[in-house]
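This report walks through one protein chain, from its overall layout to single residues. Keep the structure in view while reading.

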Amino acid sequence: MKLKFPLILAAALLTLTACTEPVIRDDDPNKRTKSGALIGGLVGAAAGVISGDDAEARRRGALIGTVVGAGVGAAIGYSLDQQAAELERDFSNGRIQIINNGDHLIVRMPDGILFDVDSAAVKPGLRSDLQVLAGSLNRYPGSTVQVVGHTDNTGTSAYNQDLSERRASAVSSVLIGAGVNAGRVQSFGLGESQPIATNLTAEGKAQNRRVDITIRPNS
């Protein structure tokens with residue numbers, strides 16, 4: 001019996017996962033909410049099955065876990081959809097990217113709009129958009145915020161690491177100064193270690209120089 005339930009659960013997860021493709025269209029404005037519900041339901045079902053002591057208990061646990069997990073996942077997905085839409089509406093700088101990954105948001109700010117060359121002082125023109133972000137974080141308080149600095153590979157890795165840390169700290173300071181609870185904010189730099197484009201071209205280097213602000217709902 002102990003071997004059957006993992007096999008049944010695995011088959012169910014595969015079947016339900018396969019069914020998500022035709023159900024959720026790419027242009028669906030509620031795609032993230034629905035995806036969150038599906039993922040939450042699968043996780044909830046798994047937790048319910050694992051927690052049961054016998055076949056009937058596992059069946060009931062799977063059903064309850066599916067319902068509860070789907071509700072939690074849908075709520076998180078909906079909240080992120082709403083927050084992303086509001087940020088897209090309210091940011092004044094069109095170069096700020098908002099990436100919705102379903103279970104977290106990334107607000108990507110190129111360093112060209114945030115800082116002068118070799119500087120960790122936030123440009124006055126971007127402070128208003130950081131104030132917008134701070135306001136959003138305060139309206140949606142149930143999340144942690146990671147502010148991560150990145151550079152290209154120009155210069156030494158040690159210098160780039162230090163610069164990325166100082167830039168992340170500068171952005172964090174503006175957010176905290178605008179009322180975001182300091183306990184929610186984590187700030188660190190990754191230097192040149194995580195490029196998102198080639199460092200062989202000027203365009204690629206410009207993409208790699210950035211501050212990523214990840215908004216991750218608390219589970």
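How many helices and how many strands are there in the protein chain? There are seven helices and five strands. The model is a predicted one.

## Overall layout

Reading from the N terminus, the order of elements is α-α-α-β-β-α-α-β-α-β-α-β. The chain has 219 residues, and 42% of them are buried. Its accessible surface is about 11700 Å². Carbon and sulfur atoms hold 59% of that surface.

Take the contacts in the chain with a separation of 6 or more. Residues 24 or more positions apart make 68% of these.

## The sheet

The five strands build an open sheet with mixed pairing. Their order across the sheet is 1-2-5-3-4. Strand 1 and strand 4 (185-189) are the edges, each with pairing on one side only. From one strand to the next, the twist averages 15°.

Strand 3 (residues 143-150) runs antiparallel to strand 5 (residues 210-217), and eight bridges link the pair. Within this pairing, V148 lies opposite D212 of strand 5. Helix 6 (residues 157-177) packs on the sheet and touches strand 3, strand 4 and strand 5. The direction of helix 6 makes about 160° with that of strand 4.

## The hairpin at the edge

Strand 1 and strand 2 are also antiparallel, joined by four bridges. I99 faces I106 of strand 2 across this pairing. Four residues sit between the two strands of the hairpin. One notable backbone value here belongs to G102, with a positive phi near 90°.

Which side chains of strand 1 are buried, and which are not? I98 and N100 point to one face and are buried. Q97 and I99 point to the other face and are not buried. In a regular strand, side chains alternate between the two faces of the sheet.

## Helix 6

Helix 6 contains 21 residues. From first C-alpha to last, helix 6 reaches 30 Å, close to the 30 Å expected at 1.5 Å a residue. After helix 6 comes G179, with a positive phi near 110°.

The buried residues of helix 6 include N160, S164, R167 and S172, along with L163, V171, V174 and L175. What do the buried residues of helix 6 pack against? Their partners are helix 4 (111-114), helix 5 (124-139), strand 3, strand 4 and strand 5.

## The nonpolar core

The largest nonpolar core has 30 residues. M109, L114 and V171 touch the most other members. Several elements each supply at least two residues of this core: helix 3, strand 2 (105-110), helix 4, helix 5, strand 3, helix 6 and strand 5.

V171 belongs to helix 6 and is buried there. Neighbours within four places aside, V171 contacts L114, F115, V122, L130, V147, V211 and I213.

## A loop residue: S92

S92 sits in the loop between helix 3 (55-90) and strand 1 (97-100). Is S92 buried or exposed? S92 is exposed, because its relative accessibility is 60% and the cut-off for exposed is over 50%.

S92 still has partners further along the chain. Leaving out residues up to four places away in sequence, S92 touches S128 and D129. G125 is 33 residues away from S92 along the chain, and their C-alpha atoms are separated by 9.9 Å.

Definitions and conventions
Residues are numbered from 1 along each chain as its sequence is written. This is a predicted model: local features need pLDDT of at least 70, side-chain atom pairs count only at pLDDT 80 or more; totals for chains, interfaces and linings use all residues. Side-chain values use heavy atoms; hydrogens and water are left out. Buried means under 20% relative accessible area, exposed over 50%, partly exposed in between (1.4 Å probe, protein chains only). Contact means heavy atoms within 4.5 Å. Two strands pair if DSSP finds at least two bridges between them. Axes are lines fitted to C-alpha atoms, for helices over the stretch in contact, and angles run from 0 to 180 degrees between N-to-C directions. Accessible areas come from the Shrake-Rupley method with a 1.4 Å probe; for residues, only the protein chains shown count as cover. The expected span of a helix is 1.5 Å times one less than its number of residues. A nonpolar core is a set of buried Ala, Val, Leu, Ile, Met, Phe, Trp, Tyr and Cys residues joined through side-chain atoms within 4.5 Å.
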